[in-house]
Amino acid sequence: MTESTPTTPDAVAASAGTTAPAPEGTAPPLDRVDGFYLAPFGLPAAAGAQGAARDGAAAASAIAQLIESSVRAGTPAATAEMKIALAEAAGRLNAGAAAPALLGLLRTDPSAPVRVASLQALQVLRVGSMDELMQVALADSDAGVRRAALSVLPSLPMSAAARSR
């Protein structure tokens with residue numbers, strides 16, 4: 001997946017799957033998803049309240065919900081930068097539940113970089129119908145999205161008939 005550099009604090013936090021760092025001299029920040037204190041860089045991550053290790057499932061679920069809300073009609077529109085950061089986070093966190101919403105972004109989002117990020121996240125997730133995914137991406141009006149689809153084509157588990165279309 002190509003990495004973009006988010007610039008807004010919310011996009012940075014979504015991209016990292018965490019929160020923005022706390023100012024020096026304050027308590028470490030709490031993770032937005034599970035409420036655990038985040039360990040400073042270089043130190044091992046703290047275990048949960050019951051001593052359980054963090055597994056990322058809660059973060060993956062939250063990312064999936066945020067992507068779904070960005071696709072849903074009638075919700076405040078997320079910026080293209082935020083949608084790209086969410087798609088990249090979904091791929092890194094293996095948030096398979098976000099696949100339908102990512103496919104929705106690939107089909108309908110007006111921003112080509114968002115459609116490319118959605119395609120790349122779906123490639124990493126490898127869920128759903130890859131034939132349908134490639135048909136949507138290769139029929140896109142933007143040449144960049146079509147190029148991105150062609151670049152991921154060799155790595156997808158697809159039928160021979162779908163590759164020859």
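Here is a short chat about a predicted model, mostly about helix 2 and the nonpolar core. Local features need pLDDT of at least 70 and side-chain atom pairs 80 or more, while totals for chains, interfaces and linings use all residues. Residues are numbered from 1 along each chain as its sequence is written, and side-chain values use heavy atoms, leaving out hydrogens and water.

Colleague: How far does helix 2 reach from its first C-alpha to its last?

Modeller: Helices here are DSSP runs of H or I with at least four residues, numbered from the N terminus. Helix 2 covers residues 57-71, 15 residues. The expected span is 1.5 Å times one less than the number of residues. That gives 21 Å expected, and the helix comes close to it, reaching 21 Å.

Colleague: What arc do the buried residues of helix 2 cover around the axis?

Modeller: Buried means under 20% relative accessible area, exposed over 50%, and partly exposed in between (1.4 Å probe, protein chains only). In helix 2 that fits Ala-59, Ala-60, Ile-63, Ala-64, Ile-67 and Ser-70. They sit on the same side of helix 2 because their arc, taken from the directions from the helix axis to the C-beta atoms, is only 140°.

Colleague: Which helix gives the most to the largest nonpolar core?

Modeller: Such a core is a set of buried Ala, Val, Leu, Ile, Met, Phe, Trp, Tyr and Cys residues joined through side-chain atoms within 4.5 Å. The largest has 35 residues, with Ile-67, Leu-102, Leu-106 and Leu-119 having the most contacts inside it. Among the elements giving two or more residues are helix 2 and helix 3 (80-92). The top giver, with eight residues, is helix 5.
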